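Colleague: I'd like a close look at one part of this model, with the rest of the chain as background. Could you walk me through it?

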Amino acid sequence: MQKRRLSGRRPLLLAVGAGVTAAALAAGMTSAFAATVFSDDFTDGDTSGWSKSGGTWTVDGSGVLNQSNAGSELARQFAGQTSWTNYSVQARVRPTSFGSSSALVGLAARSTSSTKMYRLALLGSGRAELQAVNGSSVTAIGSAALGIGTGTWYTVRIETSGSTIRGFVNGTQIASGSNSLAGAGRIGLVTAYASGGFDDVAVDSSGGGTPTTPPPTTTPPPTTPPPTTTPPPAGWPTPTSSQKVDATIAVSGTFDGGLKRYYGIGDGGQGESQDPMFELAVGATLRNVIIGAPAGDGVHCEGNCTLINVWWEDVGEDAATFRGGTTYTVDGGGARSASDKVFQHNGSGTVHIKNFRVENAGKLYRACGNCSTSYQRHVVIDNVIVRNTDAIAGINTNWGDTARFSRITIVGDPDRETSICVKYKGVPKGSEPTEIGEGADGVNCLYSPSDITYQ
């Protein structure tokens, strides 16, 4: 049995065959249920399903699993089955300190014991190295100088297929080789004389074979329902009054508009570089505001910010742009008439969109595909109603972006033309990103059929 965690939900235990048959998996079926046999984003705040060996492990308030004891010789968390054979395992990894050039923060695959595994190590020397580890004997399969540093997220992946082992960092292969150290084993998160954070762990059976696991001897327990939250609003609010705005309103702390309509900046079109209606300082909260037309470039978040019950009656350039922080939250409210996109994510970190409705839009969310800095970006979309919208999210898979979806309701789309997750190849500033695919893949676009409801 494997544990799958879906964002915003308590753990769900299921067998490989849950939702599809084991035979279909063995045949290489590529649906989300077939591909992703284990995932954990730690949003429930615990490490249920993992077994610890050394170190000091805690899950912080942003849903990141941290190992904080930089003096620990080996700190590990293991999950999965020792019988897993051919699979890929991916995680976001952030080194926070290195005790020496040989100290490491990394990911493990085919671990048969606490000291025998394949390991993709991010080293204090700045290199990434794919290793075969057998006790104190460490054999380098291959490595690359990547300028690894502290405080930066890296998407690391190990692929195992027969005796072939491959290692990837941020989507680029850094090592590949043949090694017979271990033919099967669990996954692991590891540090040695270093501290670091881990998030968005996923084990994928597509492309690398199927993790072989014994059939369950008992029926898996039912899915625990998601926590009760405020439902998306059923309609659009009536403004309590209206106020014309001639210059950007700067917000620090909390601004509560009492559902007043604010309008008057820009021309209502898609022209770039319009001024925002509101500019939120780091840590600011904007709540109970209706943004009318023209609205310029909506809301700018200069750092971490929270938007609660904010409504955009007619999106101009963008509804909101997330620029300089690591965590941004949109809770409640809605947006309509966005010919391009609603939320633009230019900075790093994660955007959380929940209890929201979107109508007549190009995309609800877009991770910037050609900004001056190519960050790895993430979005978590939960409990959202979608109507007359081309796509819910667009991300850049070559930079390791992820989009997670749960409780999505699509209204008035009998032909199911709305794209859930569109994948792009991000490019340098001045060029245009290219679309390279769409749909759930268990690595970047994370959802299952049960997460999407059509009405």
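Is Arg-404 buried or exposed, going by its relative accessibility? And what does its side chain pair with?

Modeller: Keep in mind that this is a predicted model. Arg-404 counts as buried, because its relative accessibility is 6%, and the cut-off for buried is under 20%. Its side chain meets that of Asp-41 in a salt bridge, at 3.8 Å from N to O. The two come from distant parts of the chain: Arg-404 is in strand 30 (residues 402–411), while Asp-41 is in the loop between strand 3 (36–40) and strand 4 (51–53), 363 residues away. Asp-41 is buried too, with a relative accessibility of 3%.

The pair isn't on its own, either. A network of salt bridges links Asp-41, Arg-92, Asp-199, Asp-200 and Arg-404. As for why such links form, side chains of opposite charge can pair when their charged atoms come close.

Arg-92 also leads us to another spot, since Gln-376 has Arg-92 among its contacts beyond four places in sequence. Others on that list include Trp-153, Tyr-154, Asn-170 and Asp-401. Gln-376 sits in the loop between strand 28 (349–367) and strand 29 (377–396), and at 11% relative accessibility it counts as buried. Its side chain makes a polar contact with the side chain of His-378 at 3.1 Å, and it reaches the backbone oxygen of Trp-399 at 3.4 Å. Ser-348 is another of its contacts; the C-alpha atoms of Gln-376 and Ser-348 are 6.1 Å apart, with their positions 28 residues apart in sequence.

For the wider setting, a search of the whole structure turns up 13 salt bridges. One of them joins the side chains of Arg-357 and Glu-359 at 2.8 Å; Arg-357 is buried at 6% relative accessibility, and Glu-359 is buried at 12%. Then there's Glu-302 with Arg-323, at 2.9 Å. That pair runs from the loop between strand 23 (299–301) and strand 24 (305–312) to the loop between strand 25 (320–322) and strand 26 (327–331), so it ties together parts 21 residues apart in sequence. Here Glu-302 is partly exposed at 29%, and Arg-323 is partly exposed at 37%.

Zooming out, the protein chain has two helices and 34 strands, and buried residues make up 54% of its 455 residues. Of the contacts between residues at least 6 apart in sequence, 60% join residues at least 24 apart.

Conventions. Residues numbered from 1 in each chain as written. Predicted model: local features only at pLDDT ≥ 70, side-chain atom pairs only at ≥ 80, totals over all residues. Heavy atoms only, no water. Helix = DSSP H or I, 4+ residues; strand = E, 2+ residues; numbered from the N terminus. Buried < 20%, exposed > 50% of the residue type's maximum accessible area, 1.4 Å probe, protein only. Contact = heavy atoms within 4.5 Å. Polar contact = N/O pair within 3.5 Å; in protein donor to acceptor, adjacent residues only side chain to side chain. Salt bridge = Lys/Arg side-chain N within 4 Å of Asp/Glu carboxyl O.
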